[in-house]
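Please brief me on the local backbone features and the nonpolar packing of this protein. Keep it short and grouped by topic.

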Amino acid sequence: MKVAAFHASRCLPDRDLGPVRAGCLWCGSTDVRRVAVVQVEPEVELRRCRSCAASSVSRLPTPEALDHYYGSYYEGDADHAVTMDDPTRLAARIAGYAPGGRHLRVLDLGGGDGTISAEVLRVCRAAGEVTVVDYDHRRTAQLPAGVTI
């Protein structure tokens, strides 16, 4: 498992950050409030939108910065891409918040190959759809019946 060493905190220089956004990344409202400072120099704020309640940062990394950070993460075999030791345990915890026995739709941001989300559906005994948004799109988890990814 390489998660601890790979995901070490990094402060991004100004050149690796996009422009400061005035509004909410999700709904566009300018009614946002500062929740915390994520990075001091250059400053990046965590903001919460008063209109849609979404949280996002004031400046996003550039595509080039993301490519540099994540580009080599998924190289090698699938066993080295695992970022936690017990996906079933985490899935069971998450499934405790989900209604079981019905069709579920899961949006998994940064979900790698979808293993954890697929496991949530398996634990819930639910059919459903998993949409994974991740830097690496080459791998797909083994899916239980009734689950599409």
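**Strand region and nonpolar core**

S56 is found in strand 3. This is a predicted model. The points below cover that serine, two loop residues and the largest nonpolar core.

**Strand 3**
- Strand 3 spans 55-57, and S56 sits in that strand.
- S56 has a relative accessible area of 12%. The cut-off for buried is under 20%, so S56 counts as buried.
- Leaving aside residues up to four places away in sequence, S56 touches R21, L25, W26, E45, L46 and R47.

**Loop between strand 1 and strand 2**
- Strand 1 covers 32-39 and strand 2 covers 44-49, with P42 in the loop between them.
- A cis peptide bond runs from E41 to P42. Its omega is near -10°.

**Loop between strand 2 and strand 3**
- A53 lies in the loop that links strand 2 and strand 3.
- The phi of A53 is positive, near 70°, and A53 is not a glycine.
- A53 has a relative accessible area of 37%. Partly exposed lies between the 20% and 50% cut-offs, so A53 is partly exposed.

**Largest nonpolar core**
- The largest nonpolar core holds 8 residues: A91, A95, L104, V120, L121, C124, A126 and V130.
- Helix 3 (87-95) and helix 4 (115-124) are the elements that each supply two or more residues to this core.
- Helix 4 contributes the most, with 3 residues.

Definitions and conventions: Residues are numbered from 1 along each chain as its sequence is written. This is a predicted model: local features need pLDDT of at least 70, side-chain atom pairs count only at pLDDT 80 or more; totals for chains, interfaces and linings use all residues. Side-chain values use heavy atoms; hydrogens and water are left out. Helices (H or I, at least four residues) and strands (E, at least two) are DSSP runs, numbered from the N terminus. Buried means under 20% relative accessible area, exposed over 50%, partly exposed in between (1.4 Å probe, protein chains only). Contact means heavy atoms within 4.5 Å. A nonpolar core is a set of buried Ala, Val, Leu, Ile, Met, Phe, Trp, Tyr and Cys residues joined through side-chain atoms within 4.5 Å.
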